[in-house]
Amino acid sequence: MHPAGKCRLVLSVGLMMAACALFACSGKQASSPAGTGEPSGSGLTVITIGTADAGGTMVPAGQAIADAIAAADPTIRVNVNASTGSVSNIQSLRSGEIDLGLVSGDAAWRAYNGSGDFSGNAFPGLRAVAALYSSTSDWMAPDAVGIRYVHDLKGHVCAIGPENSATDNTARDSLRACGIPIDSDHFKNISIGEGSSMTIRGEIDAVHGFAGNPISGLADMAEATPSRLLLYTESELDAILNRYPYYEEVKIPAGTYKGQDTVVTTFGVKCLLCVSSAADKEKIQHLAEILDHAAVDLASTYPYLQELDDDLFRYSAIPIPLHEGALAYYHQRGYIDSQ
């Protein structure tokens with residue numbers, strides 16, 4: 001863990017040196033499409049980070065990472081690309097449309113292993129640079145709806161996230177474990193942000209979020225109308241954790257959302273910063289260095305990135321392989337023993 005008192009001036013100098021090395025190019029000046037990480041005709045290097053839909057954590061987390069990179073070198077332009085989330089970002093990394101992508105650990109595991117929605121379409125070239133934060137499964141409903149548990153959602157109209165997003169897939173995993181048919185038309189593929197707004201207006205009954213806490217859409221909902229996080233029974237949570245190897249038990253601290261007076265036990269995964277295995281080793285090694293230097297500053301500035309302060313969180317218990325460049329940096333720093 002890095003010392004909390006690290007000077008911001010030293011941080012910015014370290015970031016500048018790392019970023020210059022990361023985005024140094026071979027002198028090409030021709031324009032190139034987003035996703036290549038090559039310089040534009042103006043001398044700017046353009047990279048693109050894939051995030052997710054509004055209302056969750058991927059968009060602000062991606063912007064925070066983009067700002068940390070861009071602050072290191074003004075000749076770098078970082079585009080933050082909204083998408084439908086993890087599955088979309090994996091597909092865009094595979095096709096080369098983006099350079100970096102935020103990917104939920106469960107989606108990364110399925111893509112790498114060719115299971116679930118990636119059956120017959122595995123992406124063995126998916127790699128991680130670092131874990132950024134933990135995404136948790138949070139179901140929220142207004143108090144007026146009168147339900148307390150996830151299994152009470154049967155018969156209620158709910159927003160479960162964009163289709164094929166990690167939010168959507170996780171919602172369906174939890175509903176299966178609670179014995180609720182997932183083919184019901186009561187479960188709508190609506191983003192967290194829009195779902196929260198619709199719930200506030202009384203148009204639907206509940207919304208599912210899968211992101212780092214506090215999830216902005218759910219926080220807005222709790223502020224606008226008395227609301228509660230829905231609970232799992234112990235047997236339901238055990239069923240989820242036993243069925244899906246990439247999930248782990250997570251506790252949401254009391255006070256995370258307005259009106260939440262007690263700890264809520266749920267499940268979640270790490271959200272990863274991912275790249276393709278084809279990405280240049282030296283550039284990814286320096287990207288890992290940038291994140292390492294920026295970690296304390298990011299953790300102290302953004303509540304949803306507070307886990308970055310723990311270097312062990314960033315590189316341990318990752319469900320897919322680390323990129324060789326990231327692994328080289330972690331070996332160099334002594335975080336991981338060389339094999």
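In which strand is L102 found? In this predicted model, L102 lies in strand β3, which covers residues 100-104. The relative accessibility of L102 is 0%, and L102 therefore counts as buried, the limit for that class being under 20%. A further residue, L132, stands 30 residues away from L102 in sequence, while the C-alpha atoms of L102 and L132 are 8.7 Å apart in space.

The chain as a whole contains eleven helices and ten strands. Of its 339 residues, 54% count as buried. When contacts between residues at least 6 apart in sequence are considered, 72% of them join residues that are at least 24 apart.

Two pairs of helices were examined, beginning with α6 and α7. Helix α6 is formed by residues 192-200 and helix α7 by residues 216-224, and their axes come within 8 Å of each other and cross at roughly 15 degrees. Because angles under 35 degrees count as roughly parallel, α6 is described as roughly parallel to α7. The crossing in which α6 passes α7 is right-handed. On the side of α6, the contact is made by I192, S196, T199 and I200, and on the side of α7 by G217, L218, D220, M221 and A224. Sorted by class, the residues of this contact between α6 and α7 comprise five that are nonpolar, three that are polar and one that is charged.

The second pair consists of α9 and α11, whose axes come within 7 Å and cross at roughly 55 degrees. This angle falls outside the ranges for roughly parallel, roughly antiparallel and roughly perpendicular helices, so α9 and α11 are oblique to each other. As with the pair described above, the crossing of α9 past α11 is right-handed. Helix α9 contributes K281, I284, Q285, A288, E289 and D292 to the contact, whereas α11 contributes E324, G325, A326, A328, Y329, Y330, Q332 and R333. The contact of α9 with α11 has six nonpolar residues, three polar residues and five charged residues.

Charged side chains were considered next. Side chains of opposite charge can pair when their charged atoms come close. With a salt bridge taken as a side-chain nitrogen of Lys or Arg within 4 Å of a carboxyl oxygen of Asp or Glu, the count for the model comes to eleven salt bridges. One of these salt bridges joins D292 and R333, with the closest N and O atoms 3.3 Å apart. This pair links distant parts of the chain, since D292 belongs to helix α9 (residues 281-301) and R333 to helix α11 (residues 324-333), and the two residues are 41 residues apart. Both partners also appear among the residues that make the contact of α9 with α11. The two ends of the bridge fall into separate accessibility classes: D292, at 2% relative accessibility, counts as buried, whereas R333, at 42%, counts as partly exposed.

A salt bridge is also found within helix α4, where the side chains of D106 and R110 meet at 3.4 Å from N to O. Because D106 and R110 are four residues apart in α4 (residues 105-113), about one helical turn separates them. Here both partners are buried, D106 having a relative accessibility of 0% and R110 one of 5%. The pair does not stand alone, for D106, R110 and D117 are linked in a network of salt bridges.

Another salt bridge brings together the side chains of R201 and E203, with an N to O distance of 2.8 Å. R201 has a relative accessibility of 48% and therefore counts as partly exposed, and E203, with a relative accessible area of 46%, is likewise partly exposed.

Finally, a buried residue was located in a loop. Q260 has its place in the loop that runs between strand β9 (248-252) and strand β10 (264-276). Its relative accessible area is 10%, so Q260 is buried. When residues up to four places away in sequence are not counted, Q260 touches L229, I252, P253, A254 and G255.

Definitions and conventions. Residues numbered from 1 in each chain as written. Predicted model: local features only at pLDDT ≥ 70, side-chain atom pairs only at ≥ 80, totals over all residues. Heavy atoms only, no water. Axes fitted to C-alpha atoms, helices over the stretch in contact; angles between N-to-C directions. Parallel < 35°, antiparallel > 145°, perpendicular 65-115°, else oblique. Left-handed = near helix turned anticlockwise from the far one by under 90°. Contact = heavy atoms within 4.5 Å. Nonpolar A, V, L, I, M, F, W, Y, C, P; charged D, E, K, R; others polar. Buried < 20%, exposed > 50% of the residue type's maximum accessible area, 1.4 Å probe, protein only.
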